[in-house]
2 protein chains.
Amino acid sequence: MLATLDAIDRHILRVLQRDGRISNVELAKEVGLSPSPCLRRIRLLEEAGIIDRYVAVLDPAKVGAGLTVFARVWFKTQDAEVTLRFGEAVRRFPEVMECYLTTGECDAVLRIVTADLHSYWRFQADHLTRIPSVLSVKTDVPMETLKRSYELPLR
Amino acid sequence: MLATLDAIDRHILRVLQRDGRISNVELAKEVGLSPSPCLRRIRLLEEAGIIDRYVAVLDPAKVGAGLTVFARVWFKTQDAEVTLRFGEAVRRFPEVMECYLTTGECDAVLRIVTADLHSYWRFQADHLTRIPSVLSVKTDVPMETLKRSYELPLR
DNA sequence: ATAGCATTGGCATGATATGCCAAACTTTCG
DNA sequence: CGAAAGTTTGGCATATCATGCCAATGCTAT
């Protein structure tokens, strides 16, 4: 469900994606409104679910989550029961930040966050490959970060 | 550089990862402190860079960014010049949310966000594969989301 | 046991969010 | 073309909150 956002709405969203704690007064100044209508627009964007939530972004390296890896998973079978159980298992692991079912070469792709390569290896050996649905796992291990953005592109 | 976080610090970080706009008064109540020392801890966490920033999280589907795909990229050569140019190109594309250099099967992995499969295809054909460094691209297209988290695991 | 240090809690002040109302603008329909 | 209805805006008053300062408490080391 795409909402109809005008230029001011998109401007508000762009600013809030960069600074979610900007004061309404300052935000209003930036988008060229007075505080009242600006706050009203924000509330509407929140009620529509376009703004889902506000969060603090932590430095992964400084909280012991310095390594991001992408894992591709193959299932033993592709039936609903297997994918359901896999989803339940994956949701219990805080290391798994994202998990999607795919069609094509592999059955699922995961973005996993751990402290370092050693703790990733332990996670894969002790937990990921022990989920009954899992046949095999292939991992791409990043050596360097070229880009990391938190801002969705707004057309 | 890992900092030494006590239980209260981790509690604060956990709450702020879920609600980055909670008032200091309420946060203090939740972690069992009075507002003053709570705010002081927050400021220290910010100054240490452990809290990197605060952002608004948007609903991707509602702002025309409903499709997340993972792409694996192979370079023509692996020299520094090629990876440098690739990084520059990738940073200019707002659709590319994350990009890491890898060692092993492929040379880089990307998390790319677009409106739908059609606009992803256009992005890949018109932009990604036209970066001079790129030899080939393989894409895993998610059909369903099993998990999507914004909270780093805090041990 | 005691001195030094870090952390806490309370208070005062200035800034901000928020709800309400009137005015301006836009759209719709006669 | 004009009038009326609806939408959006700006300003104001009030309650809440952030923030800086200082004394008191708890902890550590000698």
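In this predicted model, a good place to start is B:Phe75: setting aside neighbours within four places in sequence, B:Phe75 touches B:Val82, B:Thr83, B:Phe86, B:Leu101, B:Asp107, B:Ala108, B:Ser133 and B:Leu135. From there, the tour below moves on to the aromatic pairs, the symmetry of the two copies and the domains of chain A.

**Around B:Phe75**

- B:Phe75 belongs to strand β2 of chain B.
- With a relative accessible area of 4%, B:Phe75 is buried, because anything under 20% counts as such.
- One of the contacts of B:Phe75 is B:Phe86; 11 residues separate B:Phe75 from B:Phe86 in sequence, and their C-alpha atoms are 9.1 Å apart in space.

**Aromatic pairs**

- How many aromatic pairs does the structure hold over all chains? There are 7 of them.
- One of these pairs joins A:Phe93 and A:Phe123, whose ring centres are 5.3 Å apart; the planes meet at 90 degrees, so the arrangement is edge-to-face.
- The pair of A:Phe93 and A:Phe123 connects distant parts of the chain, 30 residues apart: A:Phe93 is in the loop between α4 (80-92) and β3 (96-103) of chain A, while A:Phe123 is in helix α5 (residues 117-126) of chain A.
- Are these two residues buried or exposed? A:Phe93 is buried at a relative accessible area of 16%, and A:Phe123 is buried as well, with 3% relative accessibility.
- Another aromatic pair, A:Tyr100 with B:Phe70, is tilted, with 5.8 Å from centre to centre and 55 degrees between the planes.
- This second pair crosses between chains, running from strand β3 of chain A, where A:Tyr100 is found, to strand β2 (residues 67-75) of chain B, where B:Phe70 is found.
- A:Tyr100 and B:Phe70 are both buried.
- A:Tyr100 and B:Phe70 also take part in a cluster linked by ring pairs, together with A:Phe70 and B:Tyr100.

**Charges over rings**

- Over which ring does the charged end of A:Arg21 sit? It is the ring of B:Tyr54, with the charged end 4.4 Å from the ring centre.
- The charged end of B:Arg21 sits over the ring of A:Tyr54, again 4.4 Å from the centre of that ring.

**How the two copies are related**

- Chain B superposes on chain A by a rotation of 180 degrees, with 0.0 Å of shift along the axis and an RMSD of 0.1 Å.
- The two copies are therefore related as by a two-fold rotation axis.
- Which residue of chain B comes closest to the rotation axis? It is B:Val55, whose C-alpha atom is 2.9 Å from the axis.
- Both copies use the same surface, with 100% of the contact residues of chain B recurring in chain A.

**A closer look at helix α5 of chain A**

- A:Ser119 is placed in helix α5 of chain A, the helix that also holds A:Phe123.
- A:Ser119 counts as buried, with 17% relative accessibility.
- The side chain of A:Ser119 reaches the backbone nitrogen of A:Ala115, at a distance of 3.4 Å.

**Domains of chain A**

- Chain A is split into domain 1, covering 7-47, and domain 2, covering 60-140.
- Taken over C-alpha atoms, the centres of domain 1 and domain 2 of chain A are 37 Å apart.

Methods: Residues are numbered from 1 along each chain as its sequence is written. Chains are lettered from A and ligands numbered from 1 in the order in which they are written. This is a predicted model: local features need pLDDT of at least 70, side-chain atom pairs count only at pLDDT 80 or more; totals for chains, interfaces and linings use all residues. Side-chain values use heavy atoms; hydrogens and water are left out. Domain bounds come from an automatic or database domain assignment. Rings of Phe, Tyr and Trp (its six-membered ring) pair if their centres lie within 6.5 Å; planes under 30 degrees apart count as stacked, over 60 as edge-to-face and the rest as tilted. Helices (H or I, at least four residues) and strands (E, at least two) are DSSP runs, numbered from the N terminus. Buried means under 20% relative accessible area, exposed over 50%, partly exposed in between (1.4 Å probe, protein chains only). A charge sits over a ring if NZ of Lys or CZ of Arg is within 6 Å of the ring centre and within 35 degrees of the ring normal. Copies are superposed by least squares on the C-alpha atoms of residues with pLDDT of at least 70 in both. Contact means heavy atoms within 4.5 Å. A polar contact is a pair of N or O atoms within 3.5 Å; within protein, one must be able to donate a hydrogen and the other to accept it, and residues adjacent in sequence count only if both atoms are side-chain atoms.
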